[in-house]
Amino acid sequence: MADYKAVHIEKGPGGWGGPLTILPTDEKPLIYSVTGGGIHPIAARIAELTGGEAFDGFSSSAPFEKIAVAVIDCGGTARIGVYPMKKVKTVDIHATSPAGPLAMFITEELLVSGVKLDNIKPVE
Amino acid sequence: MTELYQSTVTDIGELVPAFIAEGMLVFFGEGAPEELRDFCIMHEVSHKQDALKVGDVVFIDNFEAEILAVGDVANENLMNLGHLNLKANGNTEADLPGDVCIAEVELPEIRVGTTFGITRR
């Protein structure tokens, strides 16, 4: 069994929502990066600190129930709502607020936005 | 006239009409994760050349509309992911960083095989 550790993620400048605490488990090991160009540095950092498995959502797919946290670089319309709608905790790199047809699914318990590397801290 | 972007629709998600009803078309390139497909118009890019800007023209089959606003991350989304949030809201400033805005017009019907793109006059 892997040894997982929790991280605390706060919103960045101009961001919205959170803070979120992310703790991967054997059932939900994935730090799911749905960003352009491979694993985003934010996803890599969360994986490094938690012991979760960084996963590139654009190169292959994984079931929702295996995702500990989704990391997106959404401009505010689609991806920002898709993961919260499935109750998957979501970190948006961009400082967006809930909008679009999926806004009703987005809550402060499920989304944190504008996140920079400094906003991710291990839980002691 | 310069062709900046050219693509063909390959699939249309079940929930696309809900977005169209709000004056939005959400495009994603092939390779987008499964869970996004319900919401999106999937397409296969045949040509991409340059970043779009205000004043360029979006065409969808015979429909044409001038771009009024381009959000800060819209070009990054389009080039990396084939992802475009096209909003027919008449805004001259993008509300959200991913938005590309055109006049408040009725959006055209989208079918598999529909061609869309962006040109510069």
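Okay, let's start with chain B: of its contacts with a separation of 6 or more, 67% are between residues 24 or more positions apart. Before I go on, keep in mind that this is a predicted model.

So what does chain B look like along the sequence? The pattern reads β-α-β-β-β-β-β-α-β-β-β, and that comes to 2 helices and 9 strands. The radius of gyration is 13 Å, close to the 14 Å that the globule rule gives for 121 residues, so chain B is as compact as a globular protein of that length. If you want a box for it, the C-alpha atoms fill roughly 35 × 30 × 25 Å along the principal axes. As for burial, 39% of the 121 residues in chain B count as buried.

Now, one strand of chain B that I'd like you to click on is E7, residues 84-88. Is it enclosed or open? Well, 5 of the 5 residues are buried, so this strand is largely enclosed by the rest of the structure. Look at which way the side chains go: B:Leu84, B:Leu86 and B:Ala88 point one way, while B:Asn85 and B:Lys87 point the other way, and all of them are buried. Yes, that includes the lysine, B:Lys87.

Who are the partners of E7(B)? One of them is E2(B), which runs antiparallel to E7(B) and is joined to it by 4 bridges. In that pairing you'll find B:Leu25 opposite B:Leu86. Another is strand E8, residues 99-102 of chain B, and this time the pairing is parallel, again written as 4 bridges. There, B:Ala88 sits opposite B:Ile102.

Okay, over to chain A, and its sheet. We have 5 strands in an open sheet, ordered E4-E3-E5-E6-E7, with parallel pairing. Which strands stand at the edges? They are E4 (53-56) and E7 (111-113) of chain A; each has a single partner strand, so one side of each is left without a neighbour in the sheet. On average, neighbouring strands here are turned by 20° against each other, direction ignored.

Zooming in on the E4 edge: strand E3, residues 30-34 of chain A, pairs with E4(A) in the parallel sense over 4 bridges. Across that pairing, A:Ile31 stands opposite A:Ala54.

Hold on to A:Ile31, since that residue comes back in the core. The largest nonpolar core has 67 residues, and the members touching the most other members are A:Ile31, A:Ile46, A:Val69, A:Val71 and B:Cys40. Which element gives the largest share of this core? That's strand E5 of chain A, residues 67-72, with 6 residues. For the general background, nonpolar side chains tend to be buried together in soluble globular proteins.

Let me pick A:Ile46 out of that list. Leaving aside residues up to four places away in sequence, A:Ile46 touches A:Val7, A:Ile22, A:Ile31, A:Gly52, A:Val69, A:Val71 and A:Ile120. A:Ile46 belongs to helix H1 of chain A, residues 41-50, where the buried residues are A:Ile42, A:Ala43, A:Arg45, A:Ile46, A:Ala47 and A:Thr50. Just past that helix, A:Gly51 takes a positive phi of about 85°.

Next, how do the two chains meet? In numbers, 25 residues of chain B are in contact with 18 residues of chain A. On the chain B side, the elements giving two or more residues are helix H1 (16-21), strand E2 (24-29) and helix H2 (74-81). H2(B) brings the largest share, 5 residues. By class, that side of chain B has 14 nonpolar, 6 polar and 5 charged residues. And note that E2(B) is the strand we just saw running antiparallel to E7(B).

Last bit: backbone oddities, for anyone about to check torsions. The peptide bond from A:Gly18 to A:Pro19 is cis, with omega near -5°; A:Pro19 is in the loop between strands E1 (7-9) and E2 (20-22) of chain A.

Then there are two positive phi values outside glycine. A:Lys87 has phi of about 65°, and its place is the loop between helix H2 (79-85) and strand E6 (90-92) of chain A. Buried or exposed? A:Lys87 is partly exposed, with 13 other C-beta atoms within 10 Å. In chain B, phi of B:Asp61 is near 50°. B:Asp61 lies in the loop between strands E4 (57-60) and E5 (63-66) of chain B, and is also partly exposed, with 14 other C-beta atoms within 10 Å.

Key. Residues numbered from 1 in each chain as written. Chains lettered and ligands numbered in written order. Predicted model: local features only at pLDDT ≥ 70, side-chain atom pairs only at ≥ 80, totals over all residues. Core = buried A, V, L, I, M, F, W, Y, C linked by C-beta atoms within 7 Å. Buried ≥ 20, exposed ≤ 12 C-beta atoms within 10 Å, placed from the backbone. Contact = placed C-beta atoms within 7 Å. Nonpolar A, V, L, I, M, F, W, Y, C, P; charged D, E, K, R; others polar. Rg over C-alpha atoms; globule rule 2.2 N^0.38 Å. Pairing = 2+ DSSP bridges. Axes fitted to C-alpha atoms, helices over the stretch in contact; angles between N-to-C directions.
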